[in-house]
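Subject: Structure for you to look over

Hello,

Here is the structure I said I would pass on. My notes on it follow below.

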Amino acid sequence: MTKRPDGTWDKSSLPSRHVTEGPARAPHRSYYYAMGLGSREIAQPFVGVASCWNEAAPCNTALMRQAQAASVGVKAAGGTPREFCTITVTDGIAMGHEGMHSSLPSRDLIADSVELTMRGHGYDALVGVAGCDKSLPGMMMAMLRLNVPSVFLYGGSIMPGRLDGQDITVQDVFEAVGQFSAGKISEERLCQVEEHACPGDGACGGQFTANTMACVSEAIGLALPLSSALPAVFESRDAYARALGEAVMKLIEMNLRPRDICTRKAFENAAVVVAATGGSTNGGLHLPAMANECGVEFTLKDMAEIFKRTPYIADLKPGGRYVAKDMGEAGGVPMLMRTLLDASLLHGDCMTVTGKTLAENLKDVVWRADQVVIRPVSNPLLPTGGVVGLWGSLAPDGAIVKVAGLNHTKHRGPARVFDGEEACFAAVQKEDYQDNDVLVIRYEGPKGGPGMREMLSTTAALYGQGRTEKLALITDGRFSGATRGLCIGHVGPEAAVGGPIGLIQDGDMISIDADAGTIELEVDPIELEKRRSHWKPRETNYNSGAIWKFAQLVGPAHLGAVTNPGFSGETHVYADL
């Protein structure tokens, strides 16, 4: 695919030739004339500009503006932008009720809908603008699946709220619910917290899932350097969006595609950044899912090995003191990666969407001693990453826990078993549990939930009650990036397929050692086999519709909870049609 000396494009190998070239495509071209395009625009590469704009939550409300700015960049560089939207399910609003069953399935639906729009209309390249927990990985999964030249843009974080001279986030609101239930604050105070926590557009401000995956987008090479730094409300973000539109046109000329960029080394770089920032445990779900799309073998086990050797150096909430805005002002992901690269913790030879390697992108980044958010590798918050993988008799396929800011890393106690989050949350609200308990929430995995719900309402209530240092919580579901405490998720195999978590009984002793990476169910194997012989699959309320469909297709969490074979099942790649 080349650009001719006269500035026109040879589309003989571009997908859009199927809808724009030759006499047989006159009906197709008539539609483009109807939308105001002329023959010159029709002859240019078509760039899909996909955003997850909606009015469901503030993470998404600034995305349309930025998508339109990206379209300006595409046009300025000689391309024809074609804007479209896809869905988002926002965890902050889906949290704590049946809506959370929709969250993880939305990731794959976002990838699927972007794929279908691109395929159906023959677009040649993709700009993806996303702002929420599942829309970031979903958009990047689509890029890797289609393998057309692509650039990703994070819509930006929210500004921190201010109350009594302190920064607050939505995490504080969830924890205030626990404080209120424990009688520690008044209803009036709870209302003050909820009214001040979220001041405008943007995704949740701590190093929760959205900001974790935004850092991943830069580290893995799909986003422009520093593009995740500015909050959503800053209209100066639009300059990044325009630059992104211009960048994708250069990628078409270079024929540089996502799978050229997202190699095994690039995935390793992404995992290093998740660990170094104390990022969300959901990174352990989304990176394997992205890898599935492009033929890179990268599982939870692979990530855990990288976590072990990566220092935790970014002092970010929920375990630390600062929010995403502060990280951006400290130099953002480039500053973080500069210190990691200097310590030989990153692969500097990985290609990025700038057309340069990661090391080339960072060569002019100078360490700033005046900032306090990002520490040097020589003085980490923890010598090993802020996220840890666990294996043992309770989790043969693994589990994951965020240890950033955590003092309570070892625990042994009796199980208190709940089939579903609601039962556990009700017990927590009444403080109907004992110190030293291990609260077990099961049948919340990808199949059993269905949808692998997050448990922030429960964990935040525990934190608000001041009890997280005295107990542990495990689940085959997920935890929000805003969760703190000894909260272990992604336990696999899940209860719905007969995993050990489904065989636990009240009183069984469970031992956890996040330092050693172990999680054990202290029950005799003969007794477990006896219980297994009486175990039966559990029915859910989702026996039709999208969530039922997800449950039929979804795989295990340690492989990313994916719903399609990905690269292993490919017989063609869209970009080469």
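**Notes on the model**

At 10% relative accessibility, R145 counts as buried. The model is a predicted one, so please read every value below as computed from it.

**R145 and its surroundings**

R145 belongs to helix 7, which covers residues 135-146. Its side chain makes a polar contact of 2.8 Å with the side chain of E115. Leaving out residues up to four places away in sequence, R145 touches A111, D112, E115, R259, E293, N564, E570 and V573. One of these, E293, is a buried residue of helix 14.

**Helix 14**

Helix 14 runs over residues 283-294, which makes 12 residues. From first C-alpha to last it reaches 17 Å, close to the 16 Å expected at 1.5 Å a residue. Is this helix enclosed or open? It is largely enclosed by the rest of the structure, because 12 of its 12 residues are buried. The buried residues include polar ones such as H286, N292 and E293, as well as L285, L287 and M290. After the helix comes G295, with a positive phi near 80 degrees.

**Nonpolar cores**

Which residues touch the most other members of the largest nonpolar core? They are F267 and L287, in a core of 110 residues. Helix 13 (residues 264-276) gives the most to this core, with 9 residues. Apart from this core lies another, of 29 residues, with V388, A495, L503 and L521 among them. As background, nonpolar side chains tend to be buried together in soluble globular proteins.

Leaving aside neighbours within four places in sequence, F267 is in contact with L144, I220, C262, L287, M290, A291, C294, V296 and F298. Of that list, L287, M290, A291 and C294 are buried residues of helix 14.

**Strands 10 and 11**

Strand 10 and strand 11 pair in the parallel sense, over 4 bridges. L439 has L473, in strand 11, as its bridge partner. Strand 11 covers residues 472-475; A472 and I474 point one way from it, L473 and T475 point the other way, and all are buried. That fits the general pattern, in which side chains of a regular strand alternate between the two faces of the sheet.

**Backbone points to check**

Most residues other than glycine have a negative phi, and most peptide bonds are trans. The places below depart from that pattern.

- The peptide bond from G449 to P450 is cis, with omega near -15 degrees. P450 is in the loop between strand 10 (438-442) and helix 20 (456-465).
- M452 lies in the loop between strand 10 and helix 20. Its phi is positive, near 55 degrees, and it is not a glycine. M452 is buried, with a relative accessible area of 0%.
- The peptide bond from G492 to P493 is also cis, with omega near 0 degrees. P493 sits in the loop between strand 12 (487-492) and strand 13 (509-513).
- N436 has a positive phi of about 85 degrees without being a glycine. It is in the loop between helix 19 (421-429) and strand 10. At 35% relative accessibility, N436 counts as partly exposed.

**Cysteines**

How many disulfides does the structure hold? It holds 0. A disulfide is a covalent bond between the sulfur atoms of two cysteines. For C424, the closest cysteine sulfur is in C487, at 9.8 Å, which is too far for a bond. The closest cysteine sulfur to that of C487 is in turn the one in C424. Both residues are buried: C424 has a relative accessibility of 0%, and C487 has one of 7%.

**E175**

E175 is in helix 8, residues 170-181. With a relative accessible area of 5%, E175 is buried. Its C-alpha lies 8.1 Å from that of S457, although the two residues are 282 apart in sequence. Not counting neighbours within four places in sequence, E175 is in contact with A460, Y463, G464 and R484.

Regards

Key: Residues are numbered from 1 along each chain as its sequence is written. This is a predicted model: local features need pLDDT of at least 70, side-chain atom pairs count only at pLDDT 80 or more; totals for chains, interfaces and linings use all residues. Side-chain values use heavy atoms; hydrogens and water are left out. Helices (H or I, at least four residues) and strands (E, at least two) are DSSP runs, numbered from the N terminus. The expected span of a helix is 1.5 Å times one less than its number of residues. Buried means under 20% relative accessible area, exposed over 50%, partly exposed in between (1.4 Å probe, protein chains only). A polar contact is a pair of N or O atoms within 3.5 Å; within protein, one must be able to donate a hydrogen and the other to accept it, and residues adjacent in sequence count only if both atoms are side-chain atoms. Contact means heavy atoms within 4.5 Å. A disulfide is a pair of cysteine sulfur atoms within 2.5 Å. A nonpolar core is a set of buried Ala, Val, Leu, Ile, Met, Phe, Trp, Tyr and Cys residues joined through side-chain atoms within 4.5 Å. Two strands pair if DSSP finds at least two bridges between them.
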